[in-house]
Amino acid sequence: MRVLVPERYFGKDLRAEKFKMFHPDFIRYVRNRFLRSSILDTPLRRLYRPSTGAVMLLAALHTCDEVSAYGFITSNYTAYSDHYFDRTQKALLFYANHDLWLEMGLWQKLHQSRLITLYTRG
């Protein structure tokens, strides 16, 4: 069993003031305004939330003058591994906890509107 040691990743000074978190209302806002999935209208609604990458990309849009993104799902996703950092090919699997189709559509719209620069391979 591998034991994670927080000091290894965050240093010796682990005061709460050093860490930043999103308020749950921001995540609800992102879900309800930008990524309101039809999953929310099903019994699986309690499982659904935007992906971590989606929350971070939308946070960047709310705080930065320019946003560029690489490694987010695009229409040619089957040609690439699940994560941009995978050393071996892993197929992307779709589960009810994230609506990746909805996220992909939003990234395309934001890119076409020139609100973000979405880097794709191919």
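A salt bridge is taken here as a side-chain nitrogen of Lys or Arg within 4 Å of a carboxyl oxygen of Asp or Glu. By this criterion the structure, which is a predicted model, holds 4 salt bridges.

Among these salt bridges, Arg-15 takes part in a pair of contacts that can be described together. Asp-13 is paired with Arg-15 through closest N and O atoms that lie 2.8 Å apart, and Glu-17 is likewise bridged to Arg-15, the closest N and O atoms in that case being 3.5 Å apart. The accessibility of the participants was also computed. Asp-13 has a relative accessible area of 33% and is therefore classed as partly exposed, and Arg-15, with a relative accessibility of 45%, is also assigned to the partly exposed class. Glu-17, by contrast, reaches a relative accessibility of 56% and so counts as exposed, given that the exposed class begins over 50%.

A further salt bridge joins Asp-86 to Lys-90, with the closest N and O atoms 3.8 Å apart, a separation that falls within the 4 Å limit and therefore qualifies as a salt bridge. Asp-86 has a relative accessibility of 17% and is accordingly counted as buried, because residues under 20% relative accessible area are placed in that class. Lys-90, on the other side of this bridge, has a relative accessibility of 44% and counts as partly exposed. As for the salt bridges that share partners, they join Asp-13, Arg-15 and Glu-17 into one network.

Turning to the nonpolar surface, a patch of about 500 Å² is formed by Leu-4, Tyr-9, Phe-10, Leu-14 and Phe-19. Of the residues in this patch, Phe-10 belongs to helix H1, which spans residues 6-10. The relative accessible area of Phe-10 is 45%, so that this residue is partly exposed and passes the requirement of over 30% relative accessible area that applies to members of a patch.

The packing of helices was examined for H3, comprising residues 52-63, and H4, comprising residues 100-112. The axes of H3 and H4 are 12 Å apart, and the two helices pack at an angle of about 25 degrees. This angle makes H3 roughly parallel to H4, because angles under 35 degrees are assigned to that category. With respect to handedness, the crossing in which H3 passes H4 is left-handed.

Note on methods
Residues are numbered from 1 along each chain as its sequence is written. This is a predicted model: local features need pLDDT of at least 70, side-chain atom pairs count only at pLDDT 80 or more; totals for chains, interfaces and linings use all residues. Side-chain values use heavy atoms; hydrogens and water are left out. Patches are made of residues with over 30% relative accessible area and no salt bridge: like charges are joined within 9 Å, nonpolar side chains (Val, Leu, Ile, Met, Phe, Trp, Tyr) within 5 Å. Accessible areas come from the Shrake-Rupley method with a 1.4 Å probe; for residues, only the protein chains shown count as cover. Helices (H or I, at least four residues) and strands (E, at least two) are DSSP runs, numbered from the N terminus. Buried means under 20% relative accessible area, exposed over 50%, partly exposed in between (1.4 Å probe, protein chains only). Axes are lines fitted to C-alpha atoms, for helices over the stretch in contact, and angles run from 0 to 180 degrees between N-to-C directions. Angles under 35 degrees count as roughly parallel, over 145 as roughly antiparallel, 65 to 115 as roughly perpendicular and the rest as oblique. A crossing is left-handed if the near helix is turned anticlockwise from the far one by less than a right angle, and right-handed if clockwise.
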